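Here is a colleague's note for someone opening this model for the first time. Please read it with the sequence and the structure side by side.

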Amino acid sequence: MYKKISDYAIIGNLHSIALVGLDGSIDWLCLPHIDSPSVFGALLDDRKGGRFSVFPVDDWDSSARYLKNTNILRTSFRTRTGIMHLTDFMPVPLIEEDDMDAEHHELYRLIEIEKGTVDVRMIFEPRFDYAREIPSFDIGKRGVIAGGTDEVLALLVTKDVHFNTMEQRAEAEWKLSEGEKVWLYLHYGSKYAAEVDPERAEESLKNTRRYWENWSEKSETGVTVDLGRYQEMVNRSALALKLLYYNPAGTIAAAATTSLPEKTGGVRNWDYRYTWVRDTSFTLQALFNLGHLSETEGYLRWIEKLISRHGAEKLQIMYGLRGEEDLPENELMHLDGYKGSKPVRIGNGAAKQKQLDIYGELMDAAVKLSDYVGKISKDMWPFLQAICEYVVDHWRDKDYGIWEVRGGPYHFVYSKVMCWVALDRGLIIARRYGFPADRKKWEKVREEIKKEVLAKGFHEKKQAFVQHYETGALDSSNLLIPIFGFLPHNDPRVVSTVEAIMKELSNDGLLYRYKNEDGVEGGEG
């Protein structure tokens, strides 16, 4: 019963994200936040994980699309007797504080019959704490309350219905005719309304649509990009990235899920619901190139607070979305895993790894911000300066690299290149704004890094930059060498590296990151 990943769409409210299948089933939702335990987890265990489904009783086919320039999803079902639309969205709260009132953790589902009649079935099957707790159900004519030890999840509807609570879930059916509407309102937390107000629901839909359309269309940098036939695809990608933005803190999750395998049945199943300095820097640059500025400003302020508190030498590669430093990795052995891919993991043991490339990516993002006069303040410079000084002192250290290998540490070539980038970008900002810096020292070290990488990171026999000094294995991350300006695109060593990577790591138009041993069983996708 497991679906293809491509059969899922996502909705969210900048606090959490739900995955909605083409069959109208919400198979993944963590509440109240994206990194909270799941309340629906069929994605990772079809039998025990729990779901919230709405679908026609009779045979059907379906298609799904987002309302243009929004993260509002509309799934259309066609049966022999009629056509039904299911609209799913999570209202974006205007309150940004992390301890916002629980009334804002909500999700709406609107059932509409466009043509004919449709018998509609609903299955409400919450499973709290990654399916370690089955809630009790309190049934009413227009709703059902699922209660756990510390959690309450209310489902309210705008139409009288008989709920069946067999098999530790609530089921209901309606026979709906052309023009009929039913609102379903899901609310997490104890402060929920006694019933759904259809007018409030309609207003929430309008406000949510307006929020996403305004965000999609605005340009804070004044940059407007005409991408022609690619415009809609790029807008959709930007909206997906924005959903990963955790509004209360200004951080960005690397993904909305945990434990989706690189290969079905494999063990490379990691929890990505945290904020990586590297991934966030790349995401911010993508958004920045489309004219979005506030996300970069918010994240740099967050990083600034971390460095002010702990120093650049203690900057981790990743944090919890609220700045948690300890992310202990555990295995949930009671769950089957996506298509039987065990183990299911929560937490991430790589959080304490040293990865020197993060400093270059962070400084490169800062330069993008500094392209706008006045956007790098004197108050922000000390923390950027501290990053550069840390790189000066530690660029010769071994680390675990961009791919977070569980072997090592090694002298990763990409890590050294990004140390060069950190100093290069630091020098650009210092010159541009006249900020104090030991520029001669930074220039000297920048040149030392380049000399060493060219001497030890380039394999003469393969005529390519390798993954680390101790190997002849290739790594696709080195394709970024010219993009970051370490060498020009037409440098013979860059050209031959591209050719070697295409020869050794390409497969059907795609690239493996690398193929050598990394300390974990199995291969990558």
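**Notes on cavities, strands and selected residues**

1. The second largest cavity encloses about 30 Å³ of space, and what is described here, as throughout this note, belongs to a predicted model. Its lining is made up of Met1, Tyr2, Lys3, Tyr8, Asp27, Ala42, Leu43, Asp46 and Arg51. Sorted by class, the residues around the second largest cavity are five nonpolar and four charged, with no polar residue among them.

2. How many cavities of 30 Å³ or more does the structure hold? There are two of that volume or above, and the largest of them contains about 40 Å³ of space. The residues that line the largest cavity are Trp28, Ser38, Gly41, Leu44, Gly49, Tyr130, Ala131 and Leu335. Five of these lining residues are classed as nonpolar and three as polar, while none is charged.

3. Strand β2, which spans residues 17–21, deserves a careful look, since five of its five residues are buried. The covering applies to both faces of the strand, with Ile17, Leu19 and Gly21 buried on one side and Ala18 and Val20 buried on the other.

4. The partners of β2 may be taken in turn, beginning with strand β1 (residues 8–12), which pairs with β2 in the antiparallel sense over five bridges. Within this pairing, Ile10 has Leu19 of β2 as its bridge partner. Four residues lie between the two strands of this hairpin, and there Leu14 adopts a positive phi near 70 degrees.

5. β2 is also joined to strand β3 (residues 25–30), by three bridges and again with an antiparallel run. Here the bridge partner of Ala18 is Leu29 in β3. The hairpin formed by β2 and β3 has three residues between the strands, and Gly24, which sits in the turn, has a positive phi of about 80 degrees.

6. Gly24 can be followed to a further residue, as the side chain of Arg109 reaches the backbone oxygen of Gly24 at 2.9 Å. Arg109 itself is part of strand β9, which covers residues 106–125. Is Arg109 buried or exposed? Arg109 counts as buried, because its relative accessible area is 0%.

7. Asn71 is located in the loop between β6 (61–66) and β7 (73–78), and it is classed as buried because its relative accessibility is 2%. Setting aside residues up to four places away in sequence, Asn71 touches Ile11, Tyr66, Asp88, Trp212, Arg236, Leu239 and Leu243. Two of these neighbours can be described in closer detail: the side chains of Asn71 and Arg236 are joined by a polar contact of 3.3 Å, and the side chain of Asn71 also reaches the backbone oxygen of Leu239 at 3.3 Å. For a sense of scale across the model, the C-alpha atoms of Asn71 and Val405 are separated by 35 Å, the two residues being 334 apart along the chain.

8. Turning from cavities to pockets, the largest pocket holds about 500 Å³ of space. It is lined by 26 residues, and those closest to its centre are Tyr272, Asp279, Ile402, Glu404 and Arg513. Which helix supplies the largest share of the lining of the largest pocket? That share, five residues, comes from helix α4 (residues 277–289). By class, the lining of the largest pocket consists of 15 nonpolar, three polar and eight charged residues.

9. The last residue to consider is His411, which is found in the loop between α7 (381–394) and α8 (413–433). Why does His411 count as buried? With a relative accessibility of 18%, His411 falls in the buried class because that class takes in values under 20%. Apart from neighbours within four places in sequence, His411 is in contact with Arg396, Asp397, Lys398, Lys416, Gln467, His468, Tyr469 and Glu470. One of these, Lys416, has a side chain that makes a polar contact of 3.0 Å with the side chain of His411. Measured out along the chain in residue numbers, His411 and Lys354 are 57 residues apart in sequence, and in space they are 11 Å apart from C-alpha to C-alpha.

Technical notes
Residues numbered from 1 in each chain as written. Heavy atoms only, no water. 1 Å grid on protein atoms, 1.4 Å probe; cavity = no way out; pocket = protein on both sides within 12 Å on 5 of 7 lines; lining within 4 Å. Points joined across faces, edges and corners; volume = space filled by probe spheres on them. Nonpolar A, V, L, I, M, F, W, Y, C, P; charged D, E, K, R; others polar. Buried < 20%, exposed > 50% of the residue type's maximum accessible area, 1.4 Å probe, protein only. Pairing = 2+ DSSP bridges. Contact = heavy atoms within 4.5 Å. Polar contact = N/O pair within 3.5 Å; in protein donor to acceptor, adjacent residues only side chain to side chain.
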